[in-house]
Amino acid sequence: MVIGVTGTNGSGKGAVVEYLVSNKGFSRYSARTVILEEIRNRHLPETRANMREVANDLRKEHGAAYVIERLYEMAKEDAKAVVESIRTIGEAEFLKEQKAVIFAVDADRKLRYERVANKEGIELTHMSFEDFCAIEDREMASSEPWDMNVFGVMQLADARIENNDTLEELHHAVDQALMQVTREISTDA
């Protein structure tokens, strides 16, 4: 089973992936690895802006699903693989064509802002709520096939996980999503 994870900034995508890896035996494949490799090849600083720009360049040059296609090639032999972060419609459509499932993670916007503002080592720290919303709005619904459209990807998800409560509640929601998609896969088989 391959699960793609998408979601909003600060929603807990990483916590979902970590739970799947640590508690459910999944292997992790991150888009960040592919993008950072290219950033380093270009000798650019490892910033959020460069991550987005380089990812978009790769998608423009090689196709809207390029980053996730590379990860899928690495992950497809694993019995249980989780691919993070699905950001474009093309990536989501590619995964669905491969019979992968997609989990969308979300939480209240103000709560997500607070999580991001208090997280060490990321560029969104110390940013105003208004700036956080402006960045997120730009990433949520681009009409360009190679650019981020998190909202559109979330609409294609097989399961939606809300993360407004405790970590235990999040883990329970992930367990429920796993049961749901496993049941659907068994029914389709």
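# Reading the contacts of helix α5 and its surroundings

Me: Why is K96 called partly exposed?
Reply: In this predicted model, the relative accessible area of K96 is 28%. Buried requires a value under 20% and exposed one over 50%, so K96, at 28%, falls in between and is partly exposed.

Me: What makes the meeting of K96 and D158 a salt bridge?
Reply: The N to O distance between their side chains is 2.8 Å, and because the cut-off for such a pair is 4 Å, K96 and D158 qualify. The pair links distant parts of the chain, with K96 in helix α5 and D158 in the loop between α8 and β5, 62 residues apart. D158 itself has a relative accessibility of 22% and therefore counts as partly exposed. Elsewhere, salt bridges that share partners join D106, R109, R112, E136, D137, R160 and E162 into one network.

Me: How many salt bridges does the rule give?
Reply: The count comes to 17. 

Me: How do you know that E91 forms a salt bridge with R59?
Reply: The closest N and O atoms of E91 and R59 are 3.0 Å apart, which lies within the 4 Å limit, so the pair is a salt bridge. E91 belongs to helix α5 and R59 to helix α3, so this contact ties together parts that are 32 residues apart in sequence.

Me: Are E91 and R59 buried or exposed?
Reply: E91 has a relative accessible area of 0% and R59 has a relative accessibility of 4%. Since buried means under 20%, E91 counts as buried, and R59 does as well.

Me: What makes the pair of D175 and K24 a salt bridge, and where do the partners lie?
Reply: The closest N and O atoms of D175 and K24 are 3.2 Å apart, and because that is within 4 Å, the pair meets the criterion. D175 is in helix α9 and K24 in helix α1, so that distant parts of the chain, 151 residues apart, are linked. With relative accessible areas of 22% for D175 and 27% for K24, D175 is partly exposed and K24 is partly exposed, because neither value is under 20% or over 50%.

Me: How many aromatic pairs does a search of the whole structure find?
Reply: The search finds three aromatic pairs.

Me: Why is the pair of Y72 and F94 called edge-to-face?
Reply: The ring centres of Y72 and F94 lie 5.6 Å apart and the planes meet at 85 degrees; since pairing needs centres within 6.5 Å and edge-to-face needs an angle over 60 degrees, the label follows. Y72 is in helix α4 and F94 in helix α5, so the pair ties together parts that are 22 residues apart in sequence. Y72 is buried at 11% relative accessible area, and F94 is buried at 13%.

Me: What makes the pair of Y113 and F129 edge-to-face?
Reply: The ring centres of Y113 and F129 are 5.3 Å apart and the planes stand at 75 degrees, so this pair is edge-to-face. Y113 in helix α6 and F129 in helix α7 are 16 residues apart, and the pair links distant parts of the chain. Set against the 20% threshold, Y113 is buried at 15%, whereas F129 is partly exposed at 22%. Ring pairs also link Y113, F129 and F132 into a cluster, and the charged end of K110 sits over the ring of F129, 4.2 Å from its centre.

Me: Why are α4 and α5 called roughly parallel?
Reply: The two helices pack at an angle of about 30 degrees, with their axes 8 Å apart, and because angles under 35 degrees count as roughly parallel, the term applies to α4 and α5. At this interface, V67, I68, E69 and Y72 in α4 meet E91, F94 and L95 in α5.

Me: How do you know that α2 and α3 are roughly perpendicular?
Reply: α2 and α3 pack at an angle of about 95 degrees, with their axes 9 Å apart. Since 65 to 115 degrees is the range for roughly perpendicular, α2 and α3 fit that description. R32, I35, L36, E38 and I39 in α2 meet N50, M51, V54, A55 and L58 in α3.

Notes:
Residues are numbered from 1 along each chain as its sequence is written. This is a predicted model: local features need pLDDT of at least 70, side-chain atom pairs count only at pLDDT 80 or more; totals for chains, interfaces and linings use all residues. Side-chain values use heavy atoms; hydrogens and water are left out. Rings of Phe, Tyr and Trp (its six-membered ring) pair if their centres lie within 6.5 Å; planes under 30 degrees apart count as stacked, over 60 as edge-to-face and the rest as tilted. Helices (H or I, at least four residues) and strands (E, at least two) are DSSP runs, numbered from the N terminus. Buried means under 20% relative accessible area, exposed over 50%, partly exposed in between (1.4 Å probe, protein chains only). A charge sits over a ring if NZ of Lys or CZ of Arg is within 6 Å of the ring centre and within 35 degrees of the ring normal. Axes are lines fitted to C-alpha atoms, for helices over the stretch in contact, and angles run from 0 to 180 degrees between N-to-C directions. Angles under 35 degrees count as roughly parallel, over 145 as roughly antiparallel, 65 to 115 as roughly perpendicular and the rest as oblique. Contact means heavy atoms within 4.5 Å.
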